[in-house]
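Hi,

Here is the structure I promised to pass on. Have a look at it first, and then read my notes below on what turned up.

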Amino acid sequence: ETTLTPDDFLVPLFVTEGKGIKEEIPSMPNYFRLSLDNLEKEVKELWKMGLCSVLLFVKVDDKLKDNKGTEALNPNGLMQRAVKTVKNACPQMLVMTDVALDPFSSYGHDGIVAEGQILNDETAELLAEMSVSHAKAGADFVAPSDMMDGRIFEMRTLLEDEGHHDVGIMSYSAKYASAFYGPFRDALDSAPVDLKDVPKDKKTYQMDYANREEAIKETMMDVDEGADIVMVKPGLCYLDIVRDIKNAVNIPVSVYQVSGEYAMIKAAAEKGWLDHDAVVLEQTYAIKRAGADLIASYFAKDVVKLIS
Ligand code: PBG
């Protein structure tokens, strides 16, 4: 009933400044931050394996971070250069960019912080500008992972106004406030900081894991505002939501199997407590079976090797 192929996958990639850099992320064994030269090598390898879509994230120097993520709009910023690098190396690779403030935020939040709160609407406007900047660099899709309300409308409107009619939006629509994002925050050094007047967690914008109906509501709002692909995140704990949303929308549904899900399997396999390859395949099939049209996964290369 269910099959996996290389084009089911979006490959998340972590990009860092420098040359010749391939740094393993301690909480994500065998996953790396890559400098642009190594990014080029990596996408060529992915393309040969049939993996034809990447989702880019950048690690930003602390010195460049501020409350408004100003560096995110730098036309020569790391993300903008990363998009160009991938497109030069592999013109047909589908390039998706992460749109959110947290890698650029001195507070580690996806939105602007003011008096202990996140400014939703001001942030949505900034995210729209960020989308246009990525589109100018050559992104095929922008992928807002922030969960501000109304940002899909702002992004679609500004992309249209600026002539980027062909740039798609993959919206993180049902993104839960999850403890499974820890290793990703290590990878980008993007965890919320522990300061007075800064929210300690992301629970005012990411969803409560006790909620199910809300996921449909959030997703339908994004569809109405112009999303081309919607997403459920994390994966394994939320497969009921994946099925509900697959049944509710008529656009592709993506699922993000997140860093903590990756780390759990790696840790158990290192101890010899689980069969790595068998568990990876079982979980990936389960995500597809639940209704995923696309799967963002750190195991993409492993799975492609296992199924071919
Ligand atoms: C933040 C963002 C996160 C992830 C993707 N984008 C973490 C967070 O919301 O704090 C997590 C991905 C993963 O854990 O693999 N905009």
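**Pockets, cavities and a hairpin**

The largest pocket has a volume of about 310 Å³. Its lining is made up of 18 residues, and Asn30, Tyr31, Phe32, Glu42 and Lys301 are the closest to its centre. Before you go further, please keep in mind that this is a predicted model.

Which elements build that pocket? At least two lining residues each come from β1 (9-15), β3, α1 (36-48), α8 (259-270) and α10 (300-307). Sorted by class, the lining of the largest pocket has nine nonpolar, seven charged and two polar residues.

Since β3 turned up there, a word on its partner. Strand β3 covers residues 28-34 and pairs with strand β2, residues 22-25, in the antiparallel sense, with four bridges between them. The two strands form a hairpin, with two residues between β2 and β3. If you want a spot to zoom in on, find Glu23, which stands opposite Arg33 in β3.

Next, the second largest pocket, which holds about 180 Å³ of space. Its lining counts 13 residues, and those nearest its centre are Asn120, Met147, Asp149, Thr204 and Tyr205. By class, that lining divides into five charged, five nonpolar and three polar residues.

Now for the cavities. How many of 30 Å³ or more does the structure hold? There are two of them.

The largest cavity contains about 90 Å³ of space. Around it you will find Phe57, Asp98, Asp102, Ser145, Lys175, Tyr181, Phe184, Arg185, Lys202, Gln206 and Lys233. Six residues of this lining are charged, three are nonpolar and two are polar.

The second largest cavity comes to about 30 Å³. Which residues line the second largest cavity? They are Tyr181, Phe184, Lys233, Tyr256, Val258, Ser259 and Tyr298. Here the classes come out as five nonpolar residues, one polar and one charged.

One thing to look at on screen: Tyr181, Phe184 and Lys233 appear in the lining of the largest cavity and also in that of the second largest cavity. Picking out those three residues is a handy way to find your way from one cavity to the other.

If you would like a route through it all, begin at Asn30, Tyr31 and Phe32, which are among the residues closest to the centre of the largest pocket. Then follow β3 to the hairpin it forms with β2, and finish with the two cavities.

Happy browsing!

Key
Residues numbered from 1 in each chain as written. Predicted model: local features only at pLDDT ≥ 70, side-chain atom pairs only at ≥ 80, totals over all residues. Heavy atoms only, no water. 1 Å grid on protein atoms, 1.4 Å probe; cavity = no way out; pocket = protein on both sides within 12 Å on 5 of 7 lines; lining within 4 Å. Points joined across faces, edges and corners; volume = space filled by probe spheres on them. Nonpolar A, V, L, I, M, F, W, Y, C, P; charged D, E, K, R; others polar. Pairing = 2+ DSSP bridges.
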